[in-house]
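Welcome! Below are some exercises to work through at your own pace, each followed by a solution that goes step by step. Have a look at the sequence and the structure before you start.

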Amino acid sequence: MNFEMTIDPDSFRAALGRFASGITVITSRRADGRDVGMTASAFCSLSLDPPLILVCVERSASLHPVLEIGLPFAVNILESSQEAISRRFAGTELDRFDGLGFSRGQTGAALLDDVLAHLECRIEMLHPGGDHTICVGRVEAMNVNRGLPLLYYRGGYAQLER
């Protein structure tokens with residue numbers, strides 16, 4: 001049986017929007033010391049042993065070249081009150097880190113203040129995936145805080161009720 005079906009991009013986006021996802025900010029540090037980061041909702045756990053995660057990064061993102069050369073990165077899982085941070089890292093601001101509270105992790109990546117969790121990772125594998133690269137990261141350090149997640153659902157931000 002051979003299926004040939006044209007998927008309309010708007011309908012596809014609407015269908016995928018029915019899946020609620022958490023929001024992360026992926027951060028890294030270029031070889032010249034400059035911080036880079038981006039908002040990503042295409043993130044999930046992959047393996048407990050070894051501890052692996054995956055994140056999908058658009059090839060045109062400023063973070064992409066850093067990952068391509070294998071520099072470490074951090075996943076910052078956003079808390080429900082951090083919509084402004086998500087928007088900042090999703091936009092085209094030149095210095096997304098200006099005035100933002102963060103510390104340095106063991107890998108040198110920026111760990112944003114007051115997030116639900118930090119996962120510090122080294123590149124395990126990179127795979128092409130359409131207009132994105134699928135990045136598999138090995139978690140080397142992490143910490144977890146209390147709170148509720150910031151969610152993305154049907155093209156907008158959402159929160160769990162307490």
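**Exercise 1. In which loop is serine 41 found, and between which strands?**

Keep in mind that the model is predicted.

Step 1: Find the two strands. Serine 41 sits in the loop that links strand S3 (35–40) with strand S4 (43–47).

Step 2: Look at its surface. Serine 41 has a relative accessibility of 32%. Partly exposed covers values between the 20% and 50% limits, so serine 41 counts as partly exposed.

Step 3: Look for partners further along the chain. Leaving aside neighbours within four places in sequence, serine 41 is in contact with Ser21 and Gly22.

Step 4: Compare sequence with space. Serine 41 and leucine 151 are 110 residues apart along the chain, yet their C-alpha atoms are separated by 8.6 Å.

**Exercise 2. Work out whether threonine 24 is buried or exposed, and what surrounds it.**

Step 1: Place the residue. Threonine 24 belongs to strand S2, which covers residues 24–29.

Step 2: Apply the cut-off. Buried means under 20% relative accessible area. Threonine 24 has a value of 1%, so it is buried.

Step 3: List the contacts. Beyond its neighbours within four places in sequence, threonine 24 is in contact with Met38, Thr39, Ala40, Phe43, Val75, Asn76 and Ile77.

Step 4: Pick out a polar pair. A polar atom of the threonine 24 side chain lies 2.7 Å from the backbone oxygen of alanine 40.

**Exercise 3. Which residues does glutamine 82 touch, not counting those up to four places away in sequence?**

Step 1: Locate glutamine 82. This residue is in the loop between strand S6 (73–77) and helix H3 (83–90).

Step 2: Read the contacts. Glutamine 82 touches Asp113, Asp114, Val115 and Leu150.

Step 3: Check the burial. The relative accessibility of glutamine 82 is 5%, so this residue counts as buried.

Step 4: Follow one contact to the other side. Aspartate 113 is found in the loop between S8 and S9, and its contacts are Gln82, Gly101, Phe102 and Ser103, leaving aside neighbours within four places in sequence. Aspartate 113 has 38% relative accessibility and counts as partly exposed.

Step 5: Go one residue further. Serine 103 lies in strand S7 (residues 102–104) and is partly exposed, with a relative accessible area of 38%. Serine 103 touches Ala109, Ala110, Leu111 and Asp113, not counting residues up to four places away in sequence.

**Exercise 4. What is the phi of aspartate 114, and what is that of arginine 154?**

Step 1: Recall the general pattern. Most residues other than glycine have a negative phi, and most peptide bonds are trans.

Step 2: Take aspartate 114. Its phi is positive, about 65 degrees, although the residue is not a glycine. Aspartate 114 lies in the loop between strand S8 (110–112) and strand S9 (117–129), and at 63% relative accessibility it counts as exposed.

Step 3: Take arginine 154. Its phi is also positive, near 50 degrees. Arginine 154 is placed in the loop between strand S11 (150–153) and strand S12 (156–159), and it counts as exposed at 52% relative accessibility.

Step 4: Turn to the peptide bonds. Aspartate 49 and proline 50 are joined by a cis peptide bond, with omega about 5 degrees. Proline 50 lies in the loop between S4 and strand S5 (52–58).

**Exercise 5. How many helices and strands are there in the protein, and how compact is it?**

Step 1: Count the elements. The protein has three helices and twelve strands.

Step 2: Use the globule rule. The radius of gyration is 16 Å, close to the 15 Å that the rule gives for 162 residues, so the protein is as compact as a globular protein of that length.

Step 3: Add the burial. Of the 162 residues, 38% are buried.

Step 4: Look at the contacts. Among contacts with a separation of 6 or more, 61% are between residues 24 or more positions apart.

Step 5: Finish with the surface and charges. The protein exposes about 9,800 Å², and carbon and sulfur atoms supply 53% of that area. There are 15 positive and 20 negative side chains, and the centres of the two sets lie 2 Å apart.

Key. Residues numbered from 1 in each chain as written. Predicted model: local features only at pLDDT ≥ 70, side-chain atom pairs only at ≥ 80, totals over all residues. Heavy atoms only, no water. Helix = DSSP H or I, 4+ residues; strand = E, 2+ residues; numbered from the N terminus. Buried < 20%, exposed > 50% of the residue type's maximum accessible area, 1.4 Å probe, protein only. Polar contact = N/O pair within 3.5 Å; in protein donor to acceptor, adjacent residues only side chain to side chain. Contact = heavy atoms within 4.5 Å. Rg over C-alpha atoms; globule rule 2.2 N^0.38 Å. Areas by Shrake-Rupley, 256 points an atom, 1.4 Å probe, with all protein chains shown as cover. Lys, Arg positive; Asp, Glu negative; His and termini not counted. Charge placed at Lys NZ, Arg CZ, Asp CG, Glu CD.
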